[in-house]
Structures are given as structure tokens and as C-alpha cells.
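Here are a few exercises to work through with a viewer open. Try each task before reading its solution.

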Amino acid sequence: MADTTSWNDPCPCGSGDAYKSCCGRELLREKRQKRNRIVMILAGVAVAIGLLLYMQRDIDKAQDTTPTKEGYVWSIDHNHFHKLDAQGNIVRDDE
Ligand SMILES: [Zn+2]
Ligand SMILES: [Zn+2]
């Protein structure tokens, strides 16, 4: 959008007021609202990313504290070790 009229220039309508406080006022407010909306969206995205990173950190921490045992794999769901067979597959348990 080519905006040749400066906000502080006299309004083209000839009222003698600055464009920003005359015919440009509505446009300026719309622009400001649009910018505020973008800022809100960006803030929302930033919060979402921060939350994801925070959750990811918790997952990493959970994995760090997972017990390890040779020939077994820890099941977070069952809260116990699952035995692995010779092929490295989990041996089915009764739970
Ligand atoms: Zn005007
Ligand atoms: Zn199990």
C-alpha cells in the first residue's frame, strides 16, 4: 500500500488538522489494532513453544532417570522391566 500522506501532515480534506487526528485516525487505529493482534499471536506462539520446550525437558528428564538393566527395557506404562529376547524384541508379559 502506497501511503504518500504522512500522519503528521495536514489532512488532504482541508480541515487543517493533522491527517492522523482527522481522516487518517480510523486508519491509524485499524493499523494499531492489526499490529496488536499480530503481537498477541506472536506472544501466543512464543508461549506455546515455551510450553512445548518445557514439556520436552520433562520428558528428557523422565528418560534420563529411566532405570537400565542388561537384556531388559524399562516400561514407563507398566513401571517395571520388560525382558528382551535374543532378537531384542520385548517378551510379552501378562499386564
Ligand atoms: Zn480529514
Ligand atoms: Zn509390563
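The exercises below concern a predicted model, and they go from overall form to single residues.

**Exercise 1. Describe the fold of the protein and decide whether it is spread out or a compact globule.**

Solution. Start with the elements: the protein has one helix and two strands. Their order along the sequence is α-β-β. Next, take the radius of gyration, which is 31 Å, whereas the globule rule gives 12 Å for 95 residues; the value is well over the rule, so the protein is more spread out than a compact globule. Finally, look at the extent of the C-alpha trace, which spans about 90 × 20 × 20 Å along the principal axes.

**Exercise 2. Find what share of the residues is buried, and what share of the contacts with a separation of 6 or more joins residues 24 or more positions apart.**

Solution. For burial, the cut-off is 20 or more other C-beta atoms within 10 Å. Of the 95 residues, 2% count as buried. Turning to contacts with a separation of 6 or more, 0% of them come from residues 24 or more positions apart.

**Exercise 3. Locate the domains and give the distance between their centres.**

Solution. The domain assignment gives domain 1 as 15–64 and domain 2 as 67–95. Taken over C-alpha atoms, the centres of domain 1 and domain 2 are separated by 47 Å.

**Exercise 4. Place aspartate 60 in the secondary structure and decide whether it is buried or exposed.**

Solution. Aspartate 60 belongs to helix α1, which covers residues 24–64. Count the neighbours next: aspartate 60 has 10 C-beta neighbours inside 10 Å, so it counts as exposed, the cut-off being 12 or fewer. For a distance to check in your viewer, go to alanine 43, 17 residues away along the chain: its C-alpha atom and that of aspartate 60 are 25 Å apart.

**Exercise 5. Work out how β1 and β2 pair, and what stands out about the phi of asparagine 79.**

Solution. First the strands: β1 and β2 run antiparallel and are joined by four bridges. One of the pairings to look for is serine 75 with histidine 80 in β2. Now the turn: the hairpin has four residues between the strands, and asparagine 79 sits in this loop, between β1 (72–75) and β2 (80–83). Most residues other than glycine have a negative phi. Asparagine 79, however, takes a positive phi near 60°. To finish, check its surroundings: with 8 other C-beta atoms within 10 Å, asparagine 79 is exposed.

Definitions and conventions: Residues are numbered from 1 along each chain as its sequence is written. Chains are lettered from A and ligands numbered from 1 in the order in which they are written. This is a predicted model: local features need pLDDT of at least 70, side-chain atom pairs count only at pLDDT 80 or more; totals for chains, interfaces and linings use all residues. The radius of gyration is taken over C-alpha atoms; the globule rule is 2.2 Å times the number of residues to the power 0.38. Two residues are in contact if their C-beta atoms, placed from the backbone, lie within 7 Å. Domain bounds come from an automatic or database domain assignment. Two strands pair if DSSP finds at least two bridges between them.
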